[in-house]
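Trainee: I should like to work through this structure with you, one question at a time. May we begin with the confidence of the prediction and then turn to the ligands and the helices?

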Amino acid sequence: MKRLAGILLLWVLVLSSCERPGDPDNATLSLAPPLGLPVIPLSPDHPLPQARIELGRTLFMDRRLSHNNTLSCAMCHVPEQGFTSNELGTAVGIEGQTVRRNAPTVYNVAYVEQLFHDGREFSLENQVWGPLLAGNEMGNPSIGYVIEKIKVLPDYAGRFERAFAGRGPDVLTVGQALAAYQRTLVSANSRFDRWYYGKEQGALTTEEQAGFRLFSGKAGCSACHLAGEKHALLTDNRFHNTGVGYAYSLRLPRKHVVQLSPGKFIELEDKALDSFEQPLPDVGRYEVTLDPADSWAYRTPSLRNVALTSPYMHNGSLATLEDVVEFYDRGGIDNPQKDPLLTPLGLSATEKQALAAFLRSLTGDNVQKLVTEARAAQPADTPPAKDPASTYRRGY
Ligand code: HEC
Ligand code: HEC
């Protein structure tokens with residue numbers, strides 16, 4: 001009898017140490033792509049257990065991931081603002097510091113092959129250390145500091161271990177958790193997808209349909225913002241010089257209308273504002289490849305959810321989709337390395353309007369759900385009770 005009890009106990013122990021298929025923490029999420037997008041690229045090294053996604057979501061929302069507990073990933077990639085910042089051309093980091101580029105959306109970031117506007121990073125797992133350590137973004141002094149801090153925050157106790165088979169917070173698991181969450185921010189099945197791929201006749205207005213015909217025809221947009229037979233990433237994941245970066249670097253004059261008193265306006269050139277803010281140098285893809293031919297080239301962004309992600313371009317210099325359409329109608333901004341695909345289009349006012357209307361039909365059907373889930377994961381933000389650096393002890 002004693003022996004039987006012993007065997008039974010052993011059984012229970014063996015069972016509880018295994019990953020049980022019914023355990024929601026360990027259930028691996030299989031993500032079927034929504035209408036309009038291809039299979040989600042998930043490498044076998046990066047499965048998506050539910051516990052890991054939820055942990056990543058909490059980390060993404062947590063202001064304590066910045067050095068002074070003020071700035072979360074979600075404060076630059078704001079869920080309600082298309083996971084970008086609608087009020088800021090270029091991002092603002094810790095203690096109001098200037099960041100030289102526009103915060104891109106993280107919707108559909110699972111499909112991005114080379115991350116950042118210049119493609120300098122290759123995996124979401126590694127990418128997180130960029131903002132976490134940048135002095136003008138989240139400002140942490142070191143990788144170890146971030147890890148020690150997470151260890152002393154009581155609300156993370158046990159969460160890494162549950163998500164990573166007993167492994168605590170470390171340089172890999174922090175990246176893997178944030179990456180797992182971001183890979184789930186897949187969004188399509190827009191009205192365009194239902195019309196084009198789902199053959200739902202009434203899903204687009206006739207104006208939007210005309211806009212798509214221009215997009216893939218006369219206006220030549222789909223040469224870079226690809227739309228295939230089965231799905232549309234709306235990017236070629238490559239780098240092009242459209243002239244935006246060139247104009248900014250060379251400070252080609254841009255006029256600003258400034259109000260002096262009610263009803264009294266003057267036009268000022270950028271140069272007049274020089275004493276306030278110097279432009280930060282930015283040569284785009286050249287900084288990664290050191291090939292002069294890549295000067296001022298930036299990655300083609302996907303246009304999915306573009307109605308939600310203003311302002312536009314790597315420096316947020318175009319405020320509206322109408323401004324973007326005007327920009328392309330002029331053929332971009334001339335410079336010696338401008339992409340030859342960009343030439344003046346000669347679009348009529350009606351055509352421009354149709355093109356912008358089409359771009360607004362690309363909003364995914366699940367954005368509200370993803371926003372709600374993000375906000376529900378917001379942690380309490382209680383700062384650590386003691387200096388995180390003080391927890392570090394040598395193990396010998
Ligand atoms: C201060 C604002 C700010 C914060 C905070 C911030 N980001 Fe970003 N993020 C940016 C900017 C700006 C870029 C583009 C930088 C570049 O291209 O050089 C970017 C780029 C990215 C990209 C690349 C997207 C693409 O399409 O290439 C990802 C992914 C990302 N951030 C995720 C995160 C995560 C995760 C966190 C938190 C750990 C975070 N960001 C915190 C502003 C921020
Ligand atoms: C030669 C390739 C190319 C062609 C053709 C092209 N684009 Fe782009 N598009 C880009 C690149 C590269 C960027 C990013 C530029 C930057 O960040 O400075 C971009 C950015 C955009 C953006 C801003 C998206 C964002 O999130 O900031 C929109 C909108 C856009 N393009 C729409 C269009 C439309 C509409 C057309 C056709 C009239 C078009 N594009 C033609 C390469 C192209």
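Trainee: What is the mean pLDDT of the chain?

Mentor: This is a predicted model, and confidence is the proper starting point. Of the residues of the chain, 85% reach a pLDDT of 70 or more. The mean pLDDT of the chain is 88.

Trainee: Over which residues is the pLDDT below 50?

Mentor: Where pLDDT is low, the predicted coordinates should not be read in detail. The stretch in question has eight contacts in the model beyond near neighbours in sequence. The pLDDT is below 50 over residues 4-26.

Trainee: Which residues are the closest to ligand 1?

Mentor: The shell around ligand 1 holds 29 residues, of which 21 are nonpolar, five polar and three charged. Helix H3 (124-127), helix H4 (129-133) and helix H7 (171-183) each contribute at least two residues to this shell. The closest residues are Cys73, Cys76, Phe116, His117 and Pro131.

Trainee: Which helix gives the most residues to the shell around ligand 2?

Mentor: Ligand 2 is surrounded by 29 residues, with Cys221, Cys224, Tyr312, His314 and Tyr328 nearest. Two or more residues of that shell come from each of helix H10 (244-249), helix H12 (321-329) and helix H13 (349-359). By class, the shell around ligand 2 comprises 19 nonpolar, nine polar and one charged residue. With four residues, the largest contribution is that of H12.

Trainee: How are H12 and H13 oriented to each other?

Mentor: The axes of these two helices come within 9 Å and cross at roughly 125 degrees, and the crossing is right-handed. In the contact, Leu321, Glu322, Val325 and Asp329 of H12 meet Lys352, Leu355, Ala356 and Leu359 of H13; by class these residues are five nonpolar, no polar and three charged. An angle of roughly 125 degrees lies outside the ranges for parallel, antiparallel and perpendicular, so the orientation of H12 and H13 is oblique.

Trainee: How are H9 and H13 oriented to each other?

Mentor: The axes of helix H9 (residues 206-215) and H13 come within 7 Å and cross at roughly 95 degrees. Among the residues that make this contact are Phe212 and Phe215 of H9 and Leu355 and Phe358 of H13, and its classes are eight nonpolar, one polar and three charged. Angles of 65 to 115 degrees count as roughly perpendicular, and therefore H9 and H13 are roughly perpendicular.

Definitions and conventions
Residues numbered from 1 in each chain as written. Chains lettered and ligands numbered in written order. Predicted model: local features only at pLDDT ≥ 70, side-chain atom pairs only at ≥ 80, totals over all residues. Near = placed C-beta within 6 Å. Nonpolar A, V, L, I, M, F, W, Y, C, P; charged D, E, K, R; others polar. Axes fitted to C-alpha atoms, helices over the stretch in contact; angles between N-to-C directions. Parallel < 35°, antiparallel > 145°, perpendicular 65-115°, else oblique. Left-handed = near helix turned anticlockwise from the far one by under 90°. Contact = placed C-beta atoms within 7 Å. pLDDT = per-residue confidence, 0-100.
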